[in-house]
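Work through the exercises below with the sequence and the model side by side. Try each task before reading its solution.

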Amino acid sequence: MQVQNALQKEPTLSNDNITVSVTDDTIELNGTVSSGKEKQTAKRIAQSYAGNRKVKEHLTVSGQGSDNKNPDHNMTTPPNNPTAPEPNSPSAPPSPARPPRK
């Protein structure tokens with residue numbers, strides 16, 4: 001199976017347990033991966049071999065980011081700095097790209 005071989009050769013998926021089932025209509029991925037990023041990688045590889053087939057991914061994320069529906073949910077956003085003025089607020093210093101009004 002070309003898809004299975006491609007998944008096994010992918011270094012980032014070497015510790016994951018993925019099985020592939022191919023029919024005339026679908027490519028199904030089953031198993032466990034360590035992260036949402038690895039899940040996306042496996043799906044992308046399967047899609048590259050899919051042709052007219054639909055890729056059905058049934059992978060479970062077991063490591064960090066165990067939410068397999070939304071692998072990006074663990075992305076952190078920068079903390080708000082309450083002491084920094086808003087860029088368009090009157091107390092913000094003038095932008096260096098524009099000279100101050102006289």
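The exercises go from the overall layout to single residues.

The model is predicted: local features need pLDDT of at least 70, side-chain atom pairs count only at pLDDT 80 or more, and totals for chains, interfaces and linings use all residues. Residues are numbered from 1 along each chain as its sequence is written, and side-chain values use heavy atoms, with hydrogens and water left out.

**Exercise 1. Layout**

Task: List the elements of the chain in order from the N terminus.

Solution. Start with the count: two helices and three strands. Helices (H or I, at least four residues) and strands (E, at least two) are DSSP runs, numbered from the N terminus. Now read along the chain: the order is α-β-β-α-β.

**Exercise 2. The sheet**

Task: Give the strand order of the sheet and the sense of each pairing.

Solution. Two strands pair if DSSP finds at least two bridges between them. Take β1 and β2 to begin with. Strand β2 covers residues 26-33; six bridges join β1 to β2, and the two run antiparallel. One bridge sets S21 opposite E28 of β2. Next take β2 and β3. These pair in the parallel sense over eight bridges. Here N30 has H58 of β3 as its bridge partner. Put the pairs together: the sheet is open, ordered β1-β2-β3, with mixed pairing. Its edge strands are β1 (17-22) and β3 (54-61), each pairing on one side only. From one strand to the next, the twist averages 10°.

**Exercise 3. Helices on the sheet**

Task: Find which strands each helix touches, and state the handedness of the β-α-β unit.

Solution. Contact means heavy atoms within 4.5 Å. Angles run from 0 to 180 degrees between N-to-C directions, with axes fitted to C-alpha atoms, for helices over the stretch in contact.

- Helix α1 (residues 2-9) packs on the sheet and touches β1 and β2; its direction makes about 160° with that of β1.
- Helix α2 (residues 36-50) packs on the sheet too, touching β1, β2 and β3; its direction makes about 160° with that of β3.

Then trace β2, α2 and β3: they make a right-handed β-α-β unit. Right-handed means that, with the strands pointing away from the viewer, the path from the first strand over the helix to the second runs clockwise.

**Exercise 4. The two sides of α1**

Task: Why do the buried residues of α1 lie on the same side?

Solution. Use relative accessible area (1.4 Å probe, protein chains only): buried is under 20%, exposed over 50%, partly exposed in between. V3, Q4, A6 and L7 of α1 are buried. They cover an arc of only 165° around the axis, so they sit on the same side of α1. The arc is taken over the directions from the helix axis to the C-beta atoms. The general rule helps: an α-helix has 3.6 residues a turn, so residues three or four places apart point the same way. On the other side, Q2, Q8 and K9 are exposed. The buried residues of α1 pack against β1, β2 and α2.

**Exercise 5. Neighbours in sequence**

Task: Are D25 and T26 buried or exposed?

Solution. Place D25: the loop between β1 and β2. D25 is exposed, at 57% relative accessible area. T26 lies in strand β2. T26 is buried, at 10%. Now check contacts, leaving out residues up to four places away in sequence. D25 touches R53 and K54. T26 touches S21, R53, K54 and K56.
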